[in-house]
Amino acid sequence: MMTVILKTLLGQIQGLSGNPHSTTSRTYFLCFCTSLLHFKVLWVSRLIRKLYMASPSNDSTVPVSEFLLICFPNFQSWQHWLSLPLSLLFLLAMGANTTLLITIQLEASLHQPLYYLLSLLSLLDIMLCLTVIPKVLAIFWFDLRSISFPACFLQMFIMNSFLTMESCTFMVMAYDRYVAICHPLRYPSIITDQFVARAVVFVIARNAFVSLPVPMLSARLRYCAGNIIKNCICTNLSVSKLSCDDITFNQLYQFVAGWTLLGSDLILIVISYSFILKVVLRIKAEGVVAKALSTCGSHFILILFFSTVLLVLVITNLARKRIPPDVPILLNILHHLIPPALNPIVYGVRTKEIKQGIQNLLKRL
């Protein structure tokens with residue numbers, strides 16, 4: 001049934017691709033993205049439940065029905081103080097992304113492929129925040145540390161897959177800017193609504209299928225070393241440490257898959273901007289260079305935020321023995337908050353069309 005719905009939505013988008021300013025096309029696009037994400041999460045949730053029921057741990061050891069999340073093991077007294085800035089960042093991220101989605105939906109001038117991709121980025125940011133932050137705040141405020149076995153691995157899947165989806169979305173946006181600047185006359189025929197719909201399917205399908213084995217491999221492990229996770233979220237490394245099985249292949253797969261996806265996206269982004277810079281530097285008309293670069297400025301800043309926070313997180317995990325264990329935990333949480341909070345603000349401040357759309361939205365209220 002869900003497959004039929006997705007095919008219908010895709011067909012409607014393709015049929016409307018000749019009218020990029022159609023509100024109906026924009027509505028179908030949002031429904032299409034939301035349906036794909038919902039279907040993927042629902043399917044994975046059912047799969048994890050089946051894996052749990054068939055887990056070998058249920059035969060040889062006491063089955064693990066839930067885990068206990070211990071945030072900041074060495075500094076648990078910080079939790080109440082830390083909850084305030086985290087909750088403010090969470091509200092900022094949710095409010096800013098929701099405002100951006102509503103603005104793009106209602107403003108006809110924003111019914112363009114680039115803003116469709118920006119809508120996808122906002123949807124991913126919202127999903128990531130809702131997957132991680134409410135549980136963290138529940139631990140801080142109400143000491144609700146328990147998380148069920150399926151919920152833990154579903155959270156693990158969403159974090160792994162949506163992170164690489166954001167990276168892939170940045171790559172598609174870089175290609176959009178490449179075509180717009182290097183081949184402006186061909187832009188309307190290349191970057192169409194149909195192209196965006198296919199790009200969305202590619203972004204979701206590629207990262208979902210490559211990331212799916214991570215929670216599947218972890219869910220099939222035998223957990224005999226307790227159920228206390230020294231983290232605020234169910235990361236693969238934190239959870240798999242509790243297993244009495246060999247987790248070498250599990251960790252190796254996540255490392256290879258993650259860096260293959262993120263690395264390939266980064267390489268394609270660098271190549272796209274290299275071509276853009278090469279073309280822009282050949283332009284001799286006064287003011288054209290600055291205008292061309294400004295169109296890529298917002299996108300470049302978003303990539304910088306995303307890459308910097310991720311790089312710092314990776315470095316701190318590699319140097320785990322030299323720094324307090326609570327630092328990587330905090331950075332992991334911030335990685336799911338800072339980019340989602342800043343992404344819509346950067347585009348709202350630097351993009352004239354979005355700024356005008358937000359002003360029009362506020363006038364309607």
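Hi everyone, let me start with a pair in the interior: aspartate 176 and arginine 177 are both buried. Their side chains meet in a salt bridge, at 2.7 Å from N to O. Before I go on, please keep in mind that this is a predicted model.

Some background for that pair: side chains of opposite charge can pair when their charged atoms come close. How many salt bridges does the count come to? The count comes to four, and I'd like to show you two more of them.

Arginine 206 forms a salt bridge with aspartate 265, and the closest N and O atoms are 3.0 Å apart. Arginine 206 sits in helix α8, residues 193–211, and aspartate 265 in helix α11, so this pair ties together parts that are 59 residues apart in sequence. Both arginine 206 and aspartate 265 are buried.

Next comes aspartate 245, which forms a salt bridge with arginine 222; here the closest N and O atoms are 2.7 Å apart. Aspartate 245 lies in the loop between α10 and α11, and arginine 222 in the loop between α9 and β3, so the pair ties together parts that are 23 residues apart in sequence. Are these two buried or partly exposed? Aspartate 245 counts as partly exposed at 25% relative accessibility, and arginine 222 also counts as partly exposed at 25%.

Let's stay with helix α11 for a moment, which covers residues 248–282 and holds tryptophan 259. Tryptophan 259 has a relative accessible area of 41%, so it is partly exposed. Together with Leu252, Phe255 and Val256, Trp259 forms a nonpolar patch on the surface, with about 410 Å² of accessible area for the four residues together. If you look at the numbering, here is a helpful reminder: an α-helix has 3.6 residues a turn, so residues three or four places apart point the same way.

Now over to helix α13, residues 326–335, which is mostly covered: seven of its 10 residues are buried. Among them are Pro328, Ile329, Asn332, Ile333 and Leu334. Aspartate 326 is in α13 too, and with a relative accessible area of 6% it is buried, as the cut-off is under 20%. What is the C-alpha separation between aspartate 326 and phenylalanine 72? Their C-alpha atoms are separated by 5.1 Å, although the two are 254 residues apart along the chain.

His335, another of the buried residues of α13, takes us to the cavity. By our rule there is one cavity of 30 Å³ or more, and the largest cavity has a volume of about 40 Å³. Its lining is made up of Asp125, Leu128, Leu163, Glu166, Phe306, His335, His336, Pro339 and Pro340. The elements giving two or more residues to that lining are α5, α6 and α14. By type, the lining divides into five nonpolar, two polar and two charged residues.

Helix α14 also contains isoleucine 345, which counts as partly exposed at 32% relative accessibility. The C-alpha atoms of isoleucine 345 and leucine 100 are separated by 8.8 Å, with their positions 245 residues apart along the chain.

One last stop, just past α5. Aspartate 143 is found in the loop between α5 and β2. What stands out about its backbone? Phi of aspartate 143 is near 60°, a positive value in a residue other than glycine. For context, most residues other than glycine have a negative phi. Aspartate 143 counts as partly exposed, at 46% relative accessibility.

Thanks for listening!

Technical notes: Residues are numbered from 1 along each chain as its sequence is written. This is a predicted model: local features need pLDDT of at least 70, side-chain atom pairs count only at pLDDT 80 or more; totals for chains, interfaces and linings use all residues. Side-chain values use heavy atoms; hydrogens and water are left out. On a 1 Å grid over the protein atoms alone, a cavity is a set of points where a 1.4 Å probe fits but cannot get out, and a pocket is an open set with protein on both sides within 12 Å along at least five of seven lines; lining residues have an atom within 4 Å of a point. Grid points are joined across faces, edges and corners, and a volume is the space filled by probe spheres set on the points. Helices (H or I, at least four residues) and strands (E, at least two) are DSSP runs, numbered from the N terminus. Ala, Val, Leu, Ile, Met, Phe, Trp, Tyr, Cys and Pro count as nonpolar, Asp, Glu, Lys and Arg as charged, and the others, Gly among them, as polar. Patches are made of residues with over 30% relative accessible area and no salt bridge: like charges are joined within 9 Å, nonpolar side chains (Val, Leu, Ile, Met, Phe, Trp, Tyr) within 5 Å. Accessible areas come from the Shrake-Rupley method with a 1.4 Å probe; for residues, only the protein chains shown count as cover. Buried means under 20% relative accessible area, exposed over 50%, partly exposed in between (1.4 Å probe, protein chains only).
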